Amino acid sequence: MRSRFDAAFAQLPASLQAALPPLLADDHFPAMLRAQEVETLKHQTGLDDDALAFALLPLAAACARAAISNFNVGAVARGVSGNLYFGANMEFAGATMQQTVHAEQSAITHAWMRGEKGLASITVNYTPCGHCRQFMNELNSGVKLQINLPGRKPATLGDYLPDSFGPRDLAIETLLLDEMDHGYAAEGDELNQAAIVAANRSHAPYSKAPAGVALALKDGNIIAGSYAENAAFNPSLPPLQAALNLLSLSGYEYADIQRAVLAELADAPLTQWDATVATLKALGCQNIDRTLLA
């Protein structure tokens, strides 16, 4: 079991402590539980879906990288597939505050990058801020998404975000977690191709500026992230953050990044390049390339 889970493990119910070790044995445990694993844990512990998500929150919060706030927030998103996806706040020392990933964004983007098609609920150990409520409103589940908080009855996003403004107000038909392929040809080496594939999955209906980032790691693996825009603009999540989020949740360190590639349009109304370079350099990565979508 990875050391970062040690302290959190003691907070789990005894039945869950007995059942989880085989799943956590991998150094790069993917911070998710597949539907069959979830069903097995429910059978072994007697917990239902919501109770299991609450019980797992300490493990999700242990994934946080709160270098600035030292305040760990955990989230567990339940996909319509039955999979559970961990999320946690990610802060980047030396970068701007705007680069921060909130726990709810982390869990949602984690599910998206793993190929989940929709979310049934999200369980969080602290009340979602307005930024996160707006980010969740971009999902294809809309205001029906169930939000679970400790000590409160289950409620919907609509309860937490009344009179909401979102993609449906702008006649956006393809929503976050819907399938998307912008159709750009994947060319170049393996890392460039991974960045382009990630850009093709982008949710960018407002700027029409898809973008993707791919990170080459020391062990030969590649982790990629796609851009997720928001109707309110500011809660949009850059592609680098989607990639760094997946990297962290999978148990890698920033020092494991050997090279990064950003794929974006040359003539887009916005660019991810400057922010991507600044954040990666703050994390110690100097080998950064840009490939143009064509």
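In this predicted model, strand β7 (residues 211-217) and strand β9 run antiparallel and are joined by seven bridges. One residue pair fixes the register: Ala216 has Arg259 in β9 as its bridge partner.

On its other pairing, β9 meets strand β10 (residues 288-292). Here the sense is parallel, with five bridges. Ala260 has Ile288 in β10 as its bridge partner. Glu264 stands opposite Leu292 in β10.

How many of the eight residues of β9 are buried? Six are, so strand β9 (residues 257-264) is largely enclosed by the rest of the structure.

**The four-stranded sheet**

These pairings belong to an open sheet of four strands, ordered β8-β7-β9-β10, with mixed pairing. Its edges are β8 and β10, each of which pairs on one side only. Direction ignored, neighbouring strands of this sheet are turned by 20° against each other on average.

Two helices are seen against this sheet. Helix α9 (residues 190-200) packs on it and touches β7, β8, β9 and β10. The direction of α9 makes about 145° with that of β7. Helix α11 also packs on the sheet, touching β7, β9 and β10. The direction of α11 makes about 160° with that of β10. An angle over 145 degrees counts as roughly antiparallel, so α11 runs roughly antiparallel to β10.

Connectivity adds to the picture. β9, α11 and β10 make a β-α-β unit, and the unit is right-handed.

**The α10-α11 contact**

α11 (residues 273-282) has a helix partner as well: α10 (residues 239-249). The two axes come within 9 Å and cross at roughly 30°. Angles under 35 degrees count as roughly parallel, and α10 and α11 are therefore roughly parallel to each other.

Which residues meet there? From α10 come Leu240, Gln241 and Leu244. From α11 come Thr276, Thr279 and Leu280. The residues of this contact divide into three nonpolar, three polar and no charged.

**The loop before α10**

Between β8 (222-226) and α10 lies a loop that holds Ala232. Is Ala232 buried or exposed? Neither label fits: the relative accessible area of Ala232 is 37%, so this residue is partly exposed. Ala232 and His131 are 101 residues apart along the chain, yet their C-alpha atoms are separated by 9.4 Å.

**The six-stranded sheet**

A further open sheet has six strands in the order β1-β3-β2-β4-β5-β6, again with mixed pairing. β1 (32-33) and β6 (155-156) stand at the edges. Each has a single partner strand, so one side of each is left without a neighbour in the sheet. Inside the order, strand β2 (residues 74-79) pairs with strand β4 (residues 119-124) in the antiparallel sense. Five bridges join β2 and β4. Ala77 has Ile122 in β4 as its bridge partner.

**Strand pairs side by side**

The pairings described above are collected here.

| Strand pair | Sense | Bridges |
|---|---|---|
| β7 and β9 | antiparallel | seven bridges |
| β9 and β10 | parallel | five bridges |
| β2 and β4 | antiparallel | five bridges |

Notes:
Residues numbered from 1 in each chain as written. Predicted model: local features only at pLDDT ≥ 70, side-chain atom pairs only at ≥ 80, totals over all residues. Heavy atoms only, no water. Axes fitted to C-alpha atoms, helices over the stretch in contact; angles between N-to-C directions. Parallel < 35°, antiparallel > 145°, perpendicular 65-115°, else oblique. Contact = heavy atoms within 4.5 Å. Nonpolar A, V, L, I, M, F, W, Y, C, P; charged D, E, K, R; others polar. Buried < 20%, exposed > 50% of the residue type's maximum accessible area, 1.4 Å probe, protein only. Pairing = 2+ DSSP bridges. Right-handed = clockwise from strand over helix to strand, strands pointing away.
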